[in-house]
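Grab a viewer and work through a few short exercises on ring geometry and burial. Try each one yourself before reading the solution.

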Amino acid sequence: MAPAVRPPRGFPYRVLLIEFVNADEFPGQVDATYPFIKGLLNFRGVANRWLRYAVPTDHFLRHGRDEVALGPEEFEALSRAAAGLRANVVFSTHPLFARQLRLLRERLPGLRAATWSPSDALALEVLHALDPGERRDMSHCEEVLAYPEIALDYRWEPGHEAGGRGDRNNVFLVTTEDCGYGKPVRSNPCYAGLSLPGRTQAFGCAFCGRLQAARPVPERTVRGWIARQLRDMRRALGPDRLPRGVIVENIRRVSRLEFILATMRRIGMSRTALLVGARLDHLLRVRPALEKTLRRLRGTGQSIHCITVGIENLSEPELLRFNKGFGQLTTLRGVNLLKELELVHAGRFLYSGYRPLAVILLTPWTRPEDLQLNLRLIQHLELENEVGNLFMSRLRLHGDRAITALAAKDGLLEGERSGLDPALRLSRRKLIEPETAWRCADPRMEPVNRLAVRLERGGALAGDPFYESVQSRLEGMDRRQLVSILLGIVEGAEEAGGVRGAEELFEKALAGWKERQAAASRPRGGPRWRLGTELLSAAAYLERALPLVEKGDKPVISLEGLGPADLAGVDRRELERRGLAAAVKRGGDGLTLWAARDRERLERMLRIAPRLGREGAPGEAARREAGRLHGYPACCVRAWERRGWAVAGLSGWAVLEWRLSAGEIPAEMNPNLVPGLSFLPCSPGCREALKVYGRWLEALRVPASGERVFLFSLERMEELASCVALRAGGREISYDPGTVEGAGSLGAFLRRGDRIVSQPAVVEVRSGARLVRRWVADVAVWDRRGGMDRETWGELAKAALRRKDPAWRRLAAAAKRRTRRMVLDRRAVEDGVRASPAGAQPLARSSALYERCRRLLMPGRGARPEFSGFAVSSIEIEAGSNAVVVGLNRLGAAGAAGERLLIELRRDPGGEAPCYRRMRGLAVCHRAATPLDSPGRRQAMDSFLAFMDSKLRMRRAMVSTRWRKPLKPRKGLSTAG
């Protein structure tokens with residue numbers, strides 16, 4: 001470290017730096033400038049300290065003010081630190097509660113304080129005094145980096161226990177580059193004719209708080225600056241205080257990431273993770289280089305963690321208003337890429353465990369159809385547990401943003417009116433500047449807005465009667481179920497025609513969800529197998545299809561999803577009398593009936609069926625033989641070998657993916673006509689496939705219906721309806737309702753309308769201007785003359801096929817386990833329930849586990865057990881959760897209590913818990929304040945588990961920080977204590 005320069009005689013400043021970080025969000029809003037300022041103060045010989053406090057993200061909301069209010073003990077500790085330093089200047093990252101600040105000034109006369117900003121008058125005064133006249137202004141980090149003699153200082157001190165959390169010890173690497181997007185707002189049609197105030201940012205994202213120049217800032221970061229930050233970090237911090245991760249705000253150059261990783265390996269920081277943010281368009285652009293880098297990381301132990309990605313919205317009008325520079329298609333491609341990278345480069349690329357995806361679902365301009373589109377696509381892409389603050393994702397309007405000026409022009413700003421719902425003051429949740437209140441342009445969205453924020457669990461709205469009422473009705477629901485509830489609320493608001501009350505919308509959505517759940521749990525009755533638009537019972541379908549087997553056109557067929565009632569109508573003895581072999585096997589959603597021309601073919605098909613979805617040579621060989629047994633043309637079988645998901649019983653998504661591949665397709669080759677027997681031809685022009693389809697349709701007495709447009713369900717292949725188009729042009733198809741064929745809901749909705757309107761991912765049936773029904777990513781249009789929005793539907797098909805394919809599902813399950821193990825943010829807060837593992841069962845106060853733990857750990861007489869320097873101080877049932885909480889205090893030299901460690905025990909039969917350690921049948925969780933971030937704590941936990949293992953006679957699944965497969969309990973012993 002460079003020697004400090006003695007300050008001039010009478011130098012007036014002694015500086016206290018106060019940092020407030022998020023206690024329960026990742027990466028914690030750590031400050032990027034304090035290491036530079038502290039290094040500069042050290043260099044000039046100025047006495048200084050840097051204190052870190054961790055407060056909840058809803059701190060401001062709880063206290064009803066836009067200032068950080070410290071607790072009495074915390075404030076006293078801060079006062080002692082300031083007095084001990086004899087500080088006369090205090091900088092804080094967020095404003096300190098005015099009353100506490102006045103009290104601090106009374107205790108330290110002459111104290112001056114300000115919220116840190118390079119442009120603040122006090123900050124400029126101090127920096128100018130530190131900087132000799134011949135040097136430039138050092139108010140920005142890059143100016144400090146220009147002088148190699150100034151060593152950066154990363155040594156912060158915890159201001160309280162939560163502030164010492166190691167998993168929030170992350171450091172930003174300053175690279176002096178922004179997101180690189182600089183499209184002028186004035187070129188956006190949404191802002192046509194809008195006069196922007198002088199200070200308003202006119203380039204880049206319309207809501208972004210980062211001011212940019214008239215042109216994007218040129219690249220100025222040199223590799224030496226990055227290496228210097230890492231070296232100074234390594235020198236300033238001991239091995240036990242190295243940061244958990246270093247943060248790079250954007251992936252624009254993969255070569256930079258490689259340099260950072262190589263430097264970290266060289267200086268002994270390999271165990272520090274590289275945390276990155278990403279714009280989706282940049283991520284797609286650098287994909288080839290990023291994948292090469294990830295392959296090179298194999299065996300190094302290093303990994304890239306993607307911790308923040310702004311997908312913002314999935315509605316094109318909303319994205320255009322945001323001026324993001326990309327649309328819905330880029331978002332879909334980027335999300336698919338994130339999932340594929342985590343699956344293919346397992347352990348080297350992680351993202352899902354951080355809930356990194358940022359969305360803005362509610363804005364002043366949001367329509368019901370926009371929110372419905374977003375929620376359905378979030379469900380389709382399975383993002384419910386990957387989006388942070390999903391239900392509180394409202395646009396925050398600040399005074400110097402272009403989008404705020406647009407809202408003012410449209411008359412949507414509300415100011416600080418007294419009637420504003422306090423739950424909508426969301427700036428107070430995020431430790432950020434106050435926001436300007438707004439109202440919805442569509443009044444139907446106002447109650448939706450009020451309800452959405454109250455679906456987010458946590459302490460932010462504790463004491464709000466409406467919040468308490470809503471949450472009491474939703475107890476036990478997970479995030480996926482809550483998204484379904486919100487979707488029902490949106491649909492109810494749109495169908496109402498007028499404005500409905502929030503309570504009425506909520507009750508109707510909850511009742512609808514319960515009804516759907518009950519219907520899904522009931523066995524599906526009635527005819528479910530389809531030939532054309534005709535629905536048949538299993539026996540009738542089999543009777544129509546068996547001639548194909550008898551004549552040899554299709555030597556093997558299968559009928560899937562059967563129940564006992566379906567099989568009761570099938571006479572297998574009749575099959576044998578006709579010279580056919582049959583077998584019933586369990587799998588998937590029920591029983592499968594197989595029938596073949598002879599027993600040998602049947603047995604070969606049964607042997608290879610489990611391998612059809614596999615990758616590599618075994619899967620290709622199985623598909624090759626299965627294609628021959630099914631009677632497909634040889635050219636189509638060769639194509640099937642390479643597409644393992646395209647099994648004989650086609651899913652709607654497989655049909656759609658093939659349909660989008662090329663233009664006009666012969667009517668006979670429509671896979672929707674006979675989904676149970678169809679296959680995907682190698683190409684739309686395959687003559688052999690056309691011959692096979694023609695023979696099958698003739699034998700099954702199904703007309704090709706070449707003049708018809710089909711509406712088909714992507715989730716339930718028995719749902720199909722068709723109509724004759726009167727006029728087709730652009731995105732609209734006009735039709736005569738009298739020509740509609742098809743039973744079920746699709747046919748019923750088509751008969752009530754006269755137009756089909758297709759948008760990206762959306763299909764609507766309308767009657768004139770009135771909406772009859774809208775589907776998002778679950779119903780598609782088949783018109784043999786051409787498809788609409790091929791690229792968007794192709795990305796949605798990719799996501800669906802990945803979710804349905806067995807090989808991808810296996811990879812995804814393994815990736816989820818690995819991510820849970822490796823992710824830095826060990827979430828002790830899940831869905832707003834503190835330290836609540838998924839599926840955990842509450843413990844009653846009278847439970848055997850609680851009583852036994854109490855007797856073991858806090859005996860009435862005798863010494864309490866100690867665990868590597870920690871002694872048991874308490875054991876209790878936590879209020880509101882009924883979990884057993886064991887408190888441990890570290891023993892000092894004189895036996896005084898010091899560091900505290902809390903351990904939470906719950907029954908967890910499901911085996912899914914956000915915790916560090918696990919015993920068979922018990923989740924051992926740690927609250928947000930006490931992670932296992934030091935060797936001492938890990939040793940104490942190991943000692944505690946060993947003791948509990950022996951005393952409760954349970955085997956541990958964990959003996960170190962590595963996860964292992966849980967061991968089976970010893971025979972005859974209870975795992976619940």
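Below are three exercises, each with its solution.

The model is predicted, so local features need pLDDT of at least 70 and side-chain atom pairs pLDDT 80 or more, while totals for chains, interfaces and linings use all residues. Numbering runs from 1 along each chain as its sequence is written, and side-chain values use heavy atoms, with hydrogens and water left out.

**Exercise 1.** Work out what share of the protein's residues is buried.

*Solution.* Start with the cut-off: buried means under 20% relative accessible area (1.4 Å probe, protein chains only). Of the 977 residues, 54% pass that test.

**Exercise 2.** Classify the ring pair Y34 and W50, then place it in the fold.

*Solution.* Rings of Phe, Tyr and Trp (its six-membered ring) pair if their centres lie within 6.5 Å; planes under 30 degrees apart are stacked, over 60 edge-to-face, the rest tilted. The structure holds 11 such pairs. For Y34 and W50, the centres are 5.7 Å apart and the planes meet at 85°, which is edge-to-face. Next, locate them: Y34 belongs to helix 1 (residues 34–43) and W50 to strand 2 (residues 48–55), 16 residues apart. Helices (H or I, at least four residues) and strands (E, at least two) are DSSP runs, numbered from the N terminus. Finally, check burial: Y34 and W50 are both buried.

**Exercise 3.** Find which arginines lie over the face of W156.

*Solution.* The test wants CZ of Arg (or NZ of Lys) within 6 Å of the ring centre and within 35 degrees of the ring normal. R52 lies over W156 at 4.2 Å from the ring centre. R241 also lies over the face of W156, at 4.8 Å.

Conventions:
Buried < 20%, exposed > 50% of the residue type's maximum accessible area, 1.4 Å probe, protein only.
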